[in-house]
Amino acid sequence: MPLTRNFKADIARIDEIWSGWRKRFGARGGWLFGDFSIADGHVRPSLFRFQTYGAALSDASQAYLEHALNDPAVREWQDASIQEGHPLPMVDRVGVQELA
């Protein structure tokens, strides 16, 4: 489904922030500030949304997204949420245009 203009703008702003942090701190490691930090925990929901909607990201942000999604703890969290079996259709549609 197509993303709303506002949702695309939000993605672009997050991409700008992530890529800036990665360019500044990326030599220290694969997380936003090099080493894992509270910032990485804070953005975990965005990781899954970007994965689900296939958000177009800069190279720096895409590399971060892939690094984070391949982390064993993140994968465990994602797997546990899938097993939980409580989908939230209204939340899943946030930022997505309904096709007429």
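These are my notebook entries on what I looked up in a predicted model of a protein chain.

**Entry 1: the overall fold**

I began with the secondary structure, and I found six helices and zero strands in the protein chain. Reading along the sequence, I wrote the pattern down as α-α-α-α-α-α. I then looked up burial, and of the 100 residues of the protein chain, 30% count as buried. For contacts between residues at least 6 apart in sequence, I noted that 65% join residues at least 24 apart.

**Entry 2: the nonpolar core**

Which residues touch the most other members of the largest nonpolar core? The core has 18 residues, and the ones I was looking for are Ile11, Trp18, Leu47, Phe50 and Tyr64. I listed the elements that give two or more residues to this core, and they are α1 (5-25), α3 (44-53) and α4 (59-69). The largest share comes from α4, which supplies four residues.

I picked leucine 47 for a look at its surroundings, leaving aside its neighbours within four places in sequence, and found it in contact with Trp18, Tyr64, Leu65, Ala68 and Leu69.

**Entry 3: the buried side of α4**

Since α4 gives the largest share of the core, I looked up its buried residues, which are Ser61, Tyr64, Leu65, Ala68 and Leu69. Seen down the axis of α4, these buried residues fall within an arc of 120 degrees, so they line one face of the helix. I also asked myself what the buried residues of α4 pack against. The answer I wrote down is α1, α2 (38-42), α3 and α5 (72-84).

**Entry 4: how two pairs of helices cross**

For the first pair I took α1 and α4, whose axes come within 8 Å and cross at roughly 85 degrees. An angle from 65 to 115 degrees counts as roughly perpendicular, and α1 and α4 are therefore roughly perpendicular to each other. On the α1 side the contact is made by Asp15, Trp18, Ser19, Arg22 and Lys23, and on the α4 side by Ala60, Ser61 and Tyr64.

For the second pair I took α3 and α5, whose axes come within 12 Å and cross at roughly 70 degrees. These two helices are therefore also roughly perpendicular to each other. Where they meet, I found Arg44, Pro45, Phe48 and Gln51 in α3 and Ala73, Val74, Trp77 and Gln78 in α5.

**Entry 5: a search for salt bridges**

How many salt bridges does a search of the whole structure find? It finds one, and I traced a salt bridge to arginine 13 and glutamate 16, with the closest N and O atoms 3.2 Å apart. The two residues are three apart in helix α1, which means that about one helical turn separates them. An α-helix has 3.6 residues a turn, so residues three or four places apart point the same way. I also checked whether arginine 13 is buried or exposed, and with a relative accessible area of 46% it is partly exposed.

**Entry 6: two residues and their distant partners in sequence**

Isoleucine 17 is found in helix α1, and I noted that it is partly exposed, with a relative accessible area of 26%. The cut-off for buried is under 20%, so isoleucine 17 at 26% is not in that class. I then looked up its distance to serine 61, which is 44 residues away along the chain, and the C-alpha atoms of the two are separated by 8.8 Å. Serine 61 is itself one of the buried residues of α4.

Glycine 41 lies in helix α2, and at 30% relative accessibility it counts as partly exposed. Its C-alpha atom is separated by 9.2 Å from that of valine 74, although the two residues are 33 apart along the chain. I had already met Val74 in α5, among the residues where α3 and α5 meet.

Technical notes. Residues numbered from 1 in each chain as written. Predicted model: local features only at pLDDT ≥ 70, side-chain atom pairs only at ≥ 80, totals over all residues. Heavy atoms only, no water. Core = buried A, V, L, I, M, F, W, Y, C linked by side-chain atoms within 4.5 Å. Buried < 20%, exposed > 50% of the residue type's maximum accessible area, 1.4 Å probe, protein only. Contact = heavy atoms within 4.5 Å. Salt bridge = Lys/Arg side-chain N within 4 Å of Asp/Glu carboxyl O. Arc of directions from axis to C-beta. Axes fitted to C-alpha atoms, helices over the stretch in contact; angles between N-to-C directions. Parallel < 35°, antiparallel > 145°, perpendicular 65-115°, else oblique.
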